Amino acid sequence: MQIDNNQLLRFTTAGSVDDGKSTLIGRLLYDSKSIFEDQLEAVESTSKQKGHVGVDLALFTDGLRDEREQGITIDVAYRYFTTPKRKFIIADTPGHIQYTRNMVTGASTANAAIILVDARHGVIEQTKRHAFIASLLHIPHVIVCINKMDLVDYSEEVYQNITGQFEDFSSKMLIPDIRFIPISALLGDNVVNRSENMDWYQGAPLLHTLETMHISSDINKVDSRFPVQTVLRPQSKEFVDYRGYAGRISSGVFRVGDEIAVLPSGFTSRIKGIDGPAGAVEEAFAPMSVSITLEDDIDISRGDMIVRANNQPEAAQDIEVMLCWLNDKPARPRAKYTIMHTSNEQKAMIREVIYKIDIETLNRKTEDTQMCMNDICKVKIRTTKPLMQDPYRENRYTGSIILIDDNTNETVAAGMIV
Amino acid sequence: MSKYYLNYLDELESEAIFVLREVWAQFQNPVILFSGGKDSIVITHLAKKAFYPAKIPFALMHVDTGHNFPETIQFRDDLIEALGVRLIVGSVQESIDEGRVAEEKGKNATRNALQITTLLDAIESNKVDCAIGGGRRDEEKARAKERFFSHRDDFGQWDPKNQRPELWNLFNGKHFEGEHFRVFPISNWTEMDVWNYILRENIQIPSLYFAHEREVILRNNSWIPNSEFLKLDEREEIVTKKIRFRTLGDITITGGIESDADTLEKIVQEVSAMRQTERGNRADDKRSETAMEDRKKQGYF
Ligand SMILES: Nc1nc2c(ncn2[C@@H]2O[C@H](COP(=O)(O)OP(=O)(O)OP(=O)(O)O)[C@@H](O)[C@H]2O)c(=O)[nH]1
Ligand SMILES: [Mg+2]
């Protein structure tokens, strides 16, 4: 039996409370035959107890006690399924505004976002917030599913109105690839199988769209970046002189013999060898975990970055960041936080809030600059030492940061370097 | 398609290695929770790769319920010897003898819940600040909610409603004295991925996973192995069946399935045709709808 060469596609759901995100994931799993019999039996019996007609598909992902009692999603649930074409990791995220930070967690690693809109309500504030977060996180593909079409008589007019609303709103955002699909998550129209109730829709159902969208170019293959996680120094006789720099390639390609620079010191050397998970290799690329040895003895430790000598990120101590505030305690003006950027960690200060985004209009508010939970602001941050940074739009992994509050150790904000 | 892309198994492998190295960099005294089951064996294999050519820099910690398959203990000891790593054993029997916990009573008594106290005691007395587990999100609906880096307060408890946001590859392992983390490097793997990986890498696993003849009784629709710990009632009858195990836990609660799969290839084929989840045969999960969540909140694996 051979292991297939399928690629992994990570996608996330988004949209307001009760728009049907969890139901859609349940439907997708159910119709693609990815549900096991004992899972189905368990969900059937719970559905019956709750007086549900048929199976409550949302129960396949709403796994916590409180979620099942309240019928809402609180935290991200991860589900997995495979078709002959691809392997999928789904992050089903909450729609409730209080749990926006969990939505951000699920969306940060996604190749694609499915944004649901309730056909009866159209685009509302939380839809806009999620669409905006998806564009900020630079999720390469966005699929807008107009859901609950069964409740609006599968009306083309309703569908056209909502896609129009969405396009108006999203024209101010940068979303590289956006598509629309009318569905009923509850009844299964256009999820796995083509709907028989909407002849007027000529496009593909959701699963087919997910199976065929082009994701190979989602990873930056040009700018070679290797943040050092740890240094490997075996104590054995066989490897006395071995000093390997272990890490995961963030982007680009490294080859044996490449001329590299180590940042922030700026020393240069050549790559002597690369050990991948399956042994020594001549070249390695993102997102491989490898260990690199160099021709010269240079002082390198966690937090440093190895890059190609002729293509380097910018070293800066003053950075501008789009920041999502994720904590119920508001940001303290000019307070210090720990900043994590790749494997680098240091102290930083929020020097200035340049503006806050008004989610309703996408306008910039410069008067009200207090950062509270779920606010999205452009800020200036000063770090103690230079950060080796790329703009987030060019590089997801060397362009992202989090802030940690030293008083609580909590992750309080997520940022994208502008 | 460009040659610079990884297939899904390579991507999952690199993700797990990244997480293991991150643990080493961020914690003082991490251990691998080693049960002798396939998931913890895969974790150990990945740790070998993550630190090659250096040795695995963690100890392995085994929570020993005393209700073991003898094969599991033999396998554990051989592996420890081959890797040259330290083994820490937390003993449930000792916790009982010391009066820290009381044995459950009755026919369906297990030591499953008792493990929590022993585990937390072992973590505390060995000053462990990070316990690496083989938990996967596809195993169970509460696990599906857990982060890679999962915080535990100073009582060892998980608060599922208040998990730290976890973005990109940025894992926040900061904690106060007395708190610890559970880290799950193979969070994103499915049972199928684990088997495909074991096959691809030709990883040694205990003989229990392969089909073999064994004395069993039928209880709650699964084949429970006969052992010195098993209490039979009158209607239960010992029979010999050709079975294998999909997961390994305590010998008292781990149900086998009838199977002829006696090679890794056959196991992979069999698993891909399964219509039941692997934990479907575990009596510990059947106790209530949120059994796993409730145990995890208290500090379970
Ligand atoms: N008629 C109809 N009802 C639907 C459809 N999709 C979802 N629903 C219902 O809408 C309600 C909410 O669905 P969920 O899937 O829990 O919504 P959600 O978006 O996951 O909600 P949160 O996760 O809490 O934000 C449930 O009662 C569903 O049965 C649909 O296509 N048609
Ligand atoms: Mg939901």
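## Two domains within chain B

In this predicted model, 27 residues of domain 1 of chain B are in contact (heavy atoms within 4.5 Å) with 28 residues of domain 2 of chain B. The domain assignment, which is automatic or taken from a database, gives 8-193 + 289-298 as domain 1 and 206-285 as domain 2, and their C-alpha centres lie 23 Å apart.

Together the two domains bury about 2300 Å², 55% of it on carbon and sulfur atoms, where buried area is the accessible area (1.4 Å probe) that two parts lose on being put together, summed over both. Two salt bridges (a side-chain nitrogen of Lys or Arg within 4 Å of a carboxyl oxygen of Asp or Glu) are found across this interface.

## Chain B against chain A

Between the chains, 69 residues of chain B are in contact with 84 residues of chain A. The chains bury about 7000 Å² between them, 56% of it on carbon and sulfur atoms; B:Y4, B:K145 and B:W168 supply 13% of the area that chain B buries against chain A, more than any other three residues.

Nine salt bridges are found across the interface of chain B and chain A, and A:R65 forms a salt bridge with B:D294 in which the closest N and O atoms are 2.7 Å apart.

## Basis of the values

Residues are numbered from 1 along each chain as its sequence is written, and chains are lettered from A and ligands numbered from 1 in the order in which they are written. Local features need pLDDT of at least 70, side-chain atom pairs count only at pLDDT 80 or more, and totals for chains, interfaces and linings use all residues, while side-chain values use heavy atoms, with hydrogens and water left out.
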